[in-house]
Amino acid sequence: MAAILRLPGGAAEASEIVEALLVAAGARDTTAPQLAARWRAIADDIGDALDELPVPAGTQHD
């Protein structure tokens, strides 16, 4: 299943969501390991999608 995530803050805001998912997963490792694994998978999927985005003009470092 695919979803479109539209955030006013763009990729930076999506990165914060990824970080929050990873922190939450770490907090649930012992009490809810399946949930923690699911949150990590979601974070990985969002991170992979962010990696696929084109680099905005003027931010490339040669």
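Helices here are DSSP runs of H or I with at least four residues, numbered from the N terminus. By that rule, Asp44 belongs to helix 2, which covers residues 33–52. The model is a predicted one. Its chain contains two helices and zero strands, and a search of the whole structure turns up one salt bridge.

**Overall dimensions**
- The radius of gyration of the chain is 14 Å, whereas a compact globule of 62 residues would have a value near 11 Å.
- Along the principal axes, the C-alpha trace spans about 45 × 25 × 20 Å.
- Of the 62 residues in the chain, 13% are buried.
- The chain has an accessible surface of about 5,100 Å², and carbon and sulfur atoms account for 58% of that surface.

**Charge distribution**
- The chain carries 4 positive and 10 negative charges, and the mean positions of these two sets lie 12 Å apart.
- Asp44, Asp45, Asp48, Asp51 and Glu52 together form a negative patch on the surface.
- Asp44, in helix 2, is classed as partly exposed because its relative accessibility is 46%, under the 50% above which a residue counts as exposed.
- Asp48 is also placed in helix 2, and its relative accessible area of 48% makes Asp48 partly exposed.

**The salt bridge**
- Side chains of opposite charge can pair when their charged atoms come close.
- Arg40 and Asp29 form a salt bridge in which the closest N and O atoms are 2.8 Å apart.
- This pair links distant parts of the chain, since Arg40 sits in helix 2 and Asp29 in the loop between helix 1 and helix 2, with their positions 11 residues apart in the numbering.
- Arg40 has 29% relative accessibility and therefore counts as partly exposed.
- Asp29 has 37% relative accessibility and likewise counts as partly exposed.

**Helix 1 residues**
- Glu16 is located in helix 1, which covers residues 11–27.
- With a relative accessible area of 58%, Glu16 is exposed, because the class begins over 50%.
- Ala11 is found in helix 1, and at 40% relative accessibility Ala11 counts as partly exposed.

**C-alpha separations**
- Glu16 and Asp45 are 29 residues apart along the chain, and their C-alpha atoms are separated by 14 Å.
- Asp45 of that pair is one of the residues in the negative patch.
- Asp48 and Arg28 are 20 residues apart along the chain, with a C-alpha separation of 23 Å.
- Ala11 and Pro33 are 22 residues apart along the chain, and 28 Å separates their C-alpha atoms.

Methods: Residues are numbered from 1 along each chain as its sequence is written. This is a predicted model: local features need pLDDT of at least 70, side-chain atom pairs count only at pLDDT 80 or more; totals for chains, interfaces and linings use all residues. Side-chain values use heavy atoms; hydrogens and water are left out. Patches are made of residues with over 30% relative accessible area and no salt bridge: like charges are joined within 9 Å, nonpolar side chains (Val, Leu, Ile, Met, Phe, Trp, Tyr) within 5 Å. Accessible areas come from the Shrake-Rupley method with a 1.4 Å probe; for residues, only the protein chains shown count as cover. A salt bridge is a side-chain nitrogen of Lys or Arg within 4 Å of a carboxyl oxygen of Asp or Glu. Lys and Arg count as positive and Asp and Glu as negative; His and the chain ends are not counted. The place of a charge is taken as NZ of Lys, CZ of Arg, CG of Asp or CD of Glu. Buried means under 20% relative accessible area, exposed over 50%, partly exposed in between (1.4 Å probe, protein chains only). The radius of gyration is taken over C-alpha atoms; the globule rule is 2.2 Å times the number of residues to the power 0.38.
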